[in-house]
Amino acid sequence: MELTAVTYNVRHAILDDGPGWDARRAGVARRLRAADADIVALQECDGHQRAALAEALPDYEWCGESPASEVGNPNPIGCGPDWTVDRAETVWLSESGDPGTVGWDAAYPRVLTAAVVNHRATGRSVAVYNTHFDHVGREARRESARVLRSMVDDIPGGWPAVLLGDFNTEPGRPAYERLVGDRGGRTVADARAVASESTGPDTTLTDFESLRDGRRVDHVFVTAEWTVSRHEVDATRTDERYPSDHLPVRVEVSLD
């Protein structure tokens with residue numbers, strides 16, 4: 001069974017201090033269509049942005065778009081036509097886990113979208129996680145990584161898992177290191193580190209006009225069941241600009 005997945009921080013429309021969402025929307029949609037992914041994980045994608053992208057990707061089924069997550073930097077997940085959403089939940093990344101709460105030393109409320117998706121042809125289940133860690137709070141990033149990692153380690157039945165998002169942390173940093181490795185009998189790896197082929201720049205951030213070197217903060221992590229054939233950071237420009245301040249990251253993986 002093969003699966004392609006893409007993670008893309010599309011930049012929240014209310015944060016636009018340069019090109020606005022209306023000017024960027026077509027470029028974002030173009031990058032997502034070009035990815036042709038089975039699983040699409042978006043960050044900073046509020047209700048009207050998600051609606052616009054859902055219109056551009058009409059064959060996708062969406063989850064993780066509850067009104068409660070609007071103030072938590074919502075992280076919707078889209079499934080292509082070969083997959084269906086079995087169930088999904090929004091997890092608030094804070095000490096209490098209560099909706100709307102800000103965790104630890106974070107600047108904003110943060111959420112994690114957790115979904116179980118089923119492959120229509122084989123009936124196999126895959127756990128998919130999409131998140132956006134805080135950009136300010138170091139403790140919040142570490143603790144958010146702990147929450148996510150504990151969820152992966154406790155997946156019932158040992159389903160294979162894919163973890164996607166804007167983690168606001170580079171390789172080697174504490175939050176990153178808390179996610180990878182062997183814990184509780186599950187092994188999680190950075191898809192780039194285990195991919196047979198990796199292309200694209202060693203960064204995932206832009207200032208819309210150029211790349212911000214050395215800032216690889218958007219990642220795809222996979223459990224050990226997956227074979228990763230390709231990892232790609234897509235640095236394609238649209239009309240001489242990047243359509244977001246992040247680049248999409250796409251992976252191709254397979255299961256025996």
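Helices and strands here are DSSP runs, numbered from the N terminus, and with that in mind the tour can begin in the loop between S1 and H1, where arginine 11 has its place. The model on the screen is a predicted one.

**First stop: arginine 11 and aspartate 36**

Select arginine 11 and look at its backbone, which has a positive phi of about 65° although the residue is not a glycine. Most residues other than glycine have a negative phi. Is arginine 11 buried or exposed? Its relative accessible area is 10%, and because buried means under 20%, arginine 11 counts as buried.

Now select aspartate 36, which sits in the loop between H1 and S2 and has a positive phi of about 50°, again without being a glycine. Aspartate 36 counts as exposed, because its relative accessibility is 57% and the cut-off for exposed is over 50%.

**Second stop: helices H1 and H2**

Step back from aspartate 36 to the helix that it follows, H1. H1 has 15 residues, and the distance from its first C-alpha to its last is 20 Å, close to the 21 Å expected at 1.5 Å a residue. Colour Trp21, Arg24, Gly27, Val28, Ala29, Arg31, Leu32 and Ala35, which are the buried residues in H1. An α-helix has 3.6 residues a turn, so residues three or four places apart point the same way. To see what the buried residues of H1 pack against, show strand S1 (2-9), S2, H2 and strand S14 (249-254).

Moving on to helix H2, which covers residues 47-56, select Gln49, Arg50, Ala52, Leu53 and Ala54, which are buried there. The cover over the buried residues of H2 includes helix H1 (21-35), strand S2 (39-43) and strand S3 (61-63).

**Third stop: the nonpolar cores**

In soluble globular proteins, nonpolar side chains tend to be buried together. The largest nonpolar core in this model has 29 residues, and those that touch the most other members are Ile39, Val117, Val126, Val220 and Trp226. The largest share of this core, three residues, is supplied by S14.

Centre the view on tryptophan 226 and, leaving aside its neighbours within four places in sequence, display the residues in contact with it, among them Met1, Leu3, Val126, Pro160 and Val253. A second, separate core has 25 residues, including Leu93, Met151, Leu163 and Val188.

**Fourth stop: helix H3 and the second largest pocket**

Met151 also belongs to H3, where the buried residues include Ala140, Ser144, Val147, Leu148, Met151 and Val152. Helix H3 takes in residues 138-153, and its end C-alpha atoms are 23 Å apart, which agrees with the 22 Å that its 16 residues should span at 1.5 Å a residue.

Keep Met151 selected and add Arg87, Ala88, Glu89, Ala114, Tyr129, Ile155 and Trp159, which are among the residues that, with Met151, line the second largest pocket. This pocket has a volume of about 190 Å³. Which strands each supply at least two residues of its lining? They are strand S5 (83-92), strand S6 (111-119) and strand S7 (125-132). By class, the lining of this pocket has ten nonpolar residues, two charged residues and no polar ones.

**Fifth stop: two loops**

From S5, follow the chain into the loop between S5 and S6, where serine 94 is found. Serine 94 has a relative accessible area of 7% and is buried. With its neighbours within four places in sequence set aside, serine 94 is in contact with Thr101, Val102, Gly103 and Trp104.

Then turn to glycine 214, in the loop between strand S11 (197-199) and strand S12 (218-223). Once neighbours within four places in sequence are left out, the contacts of glycine 214 are Glu170, Asp202 and Thr203. Glycine 214 and glutamate 170 are 44 residues apart in sequence, yet 8.5 Å apart in space from C-alpha to C-alpha.

**Last stop: a cavity**

How many cavities of 30 Å³ or more does a search of the whole structure find? The search finds two, and the second largest cavity has a volume of about 30 Å³. Select Tyr8, Arg31, Asp234, Thr236, Tyr242, Pro243, His246, Leu247 and Pro248 to show the lining of this second largest cavity, which divides into five nonpolar, two polar and two charged residues. Arg31 in this lining is also one of the buried residues of H1.

Key:
Residues are numbered from 1 along each chain as its sequence is written. This is a predicted model: local features need pLDDT of at least 70, side-chain atom pairs count only at pLDDT 80 or more; totals for chains, interfaces and linings use all residues. Side-chain values use heavy atoms; hydrogens and water are left out. Buried means under 20% relative accessible area, exposed over 50%, partly exposed in between (1.4 Å probe, protein chains only). Helices (H or I, at least four residues) and strands (E, at least two) are DSSP runs, numbered from the N terminus. Contact means heavy atoms within 4.5 Å. On a 1 Å grid over the protein atoms alone, a cavity is a set of points where a 1.4 Å probe fits but cannot get out, and a pocket is an open set with protein on both sides within 12 Å along at least five of seven lines; lining residues have an atom within 4 Å of a point. Grid points are joined across faces, edges and corners, and a volume is the space filled by probe spheres set on the points. Ala, Val, Leu, Ile, Met, Phe, Trp, Tyr, Cys and Pro count as nonpolar, Asp, Glu, Lys and Arg as charged, and the others, Gly among them, as polar. The expected span of a helix is 1.5 Å times one less than its number of residues. A nonpolar core is a set of buried Ala, Val, Leu, Ile, Met, Phe, Trp, Tyr and Cys residues joined through side-chain atoms within 4.5 Å.
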